[in-house]
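Thank you all for coming. I would like to take a few minutes to walk through one structure, going slowly for anyone who has not seen it before.

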Amino acid sequence: MVRTPLTPWERERGERLGALLRAARGERSMVEVAARAGLSAETLRKIETGRAPTPAFFTVAALAGTLGLSLDEVATLATPAEVAADAVA
């Protein structure tokens, strides 16, 4: 199966998601947060570093719940600025 290359917007969104999750994790260990969300630490590492920029919805939902974030916050903060501005206009 051949994957369609990600657009620059999708890559940026993935990087923003990773940064958001990393900031929300704070001082907690990656292993602890991943285990509580039902993921491997490697999966969380890939998401946080942008190497997995399009994680499944249920993965994002599990991480958001574990980190005390609402899905609305995640969607808003992970969306690149120019897209958010277009949505308002």
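I will begin with the core, then turn to a pair of helices that cross, and then take single helices and residues in turn. Please keep in mind throughout that what you see is a predicted model.

Let us start with the core, where the largest nonpolar one has 17 residues. The residues with the most contacts inside this core are Leu 17, Leu 21, Leu 44, Leu 63, Leu 69 and Val 74. If you wonder which helices supply at least two residues of this core, they are α1, which runs over 8–25, α2 at 30–37, α3 at 41–49, α4 at 57–67 and α5 at 71–78. As background, nonpolar side chains in soluble globular proteins tend to be buried together. To take one member of the core as an example, Val 74 touches Leu 17, Leu 20, Val 60, Ala 64 and Leu 69, when residues up to four places away in sequence are not counted.

Now to the crossing pair, α2 and α3, whose axes come within 8 Å and cross at roughly 105°. Since angles of 65 to 115 degrees count as roughly perpendicular, these two helices, α2 and α3, are therefore roughly perpendicular to each other. On the α2 side the contact is made by Met 30, Val 31, Val 33 and Ala 34, and on the α3 side by Ala 41, Leu 44, Arg 45 and Glu 48. Sorted by character, the residues of this contact between α2 and α3 are six nonpolar and two charged, with no polar ones.

Staying with α3, which of its residues are buried? They are Leu 44, Ile 47 and Glu 48, and because they cover an arc of only 95° around the axis, they sit on the same side of α3. The elements that cover these buried residues of α3 include α1, α2 and α4. Just after α3 comes Gly 50, which takes a positive phi of about 85°.

Helix α4 can be described in a similar way, with Thr 59, Val 60, Leu 63, Ala 64, Thr 66 and Leu 67 as buried residues. Their arc around the axis is only 165°, which puts them on the same side of α4. The face of α4 turned away from that buried side carries the exposed residues Phe 57, Phe 58 and Gly 65, while the buried residues pack against α1, α2, α3 and α5. Just after this helix, α4, Gly 68 takes a positive phi of about 75°.

Let me pick out Thr 59, which lies in α4. With a relative accessible area of 17%, Thr 59 falls under the 20% cut-off and so counts as buried. Leaving out residues up to four places away in sequence, Thr 59 touches Leu 39 and Ile 47. From Thr 59 to Leu 69 there are 10 residues in sequence and 13 Å in space, C-alpha to C-alpha.

Finally, two residues of α1, beginning with Arg 25, whose place is in that helix. Is Arg 25 buried or exposed? Arg 25 is buried, with a relative accessible area of 13%, and its contacts, leaving aside neighbours within four places in sequence, are Met 30, Val 33, Leu 44, Glu 48 and Leu 67. Ala 19 also lies in helix α1, but Ala 19 is partly exposed, because its relative accessible area of 36% falls between the 20% and 50% cut-offs. Although Ala 19 and Ile 47 are 28 residues apart in sequence, their C-alpha atoms are 9.0 Å apart in space.

Notes. Residues numbered from 1 in each chain as written. Predicted model: local features only at pLDDT ≥ 70, side-chain atom pairs only at ≥ 80, totals over all residues. Heavy atoms only, no water. Core = buried A, V, L, I, M, F, W, Y, C linked by side-chain atoms within 4.5 Å. Buried < 20%, exposed > 50% of the residue type's maximum accessible area, 1.4 Å probe, protein only. Helix = DSSP H or I, 4+ residues; strand = E, 2+ residues; numbered from the N terminus. Contact = heavy atoms within 4.5 Å. Axes fitted to C-alpha atoms, helices over the stretch in contact; angles between N-to-C directions. Parallel < 35°, antiparallel > 145°, perpendicular 65-115°, else oblique. Nonpolar A, V, L, I, M, F, W, Y, C, P; charged D, E, K, R; others polar. Arc of directions from axis to C-beta.
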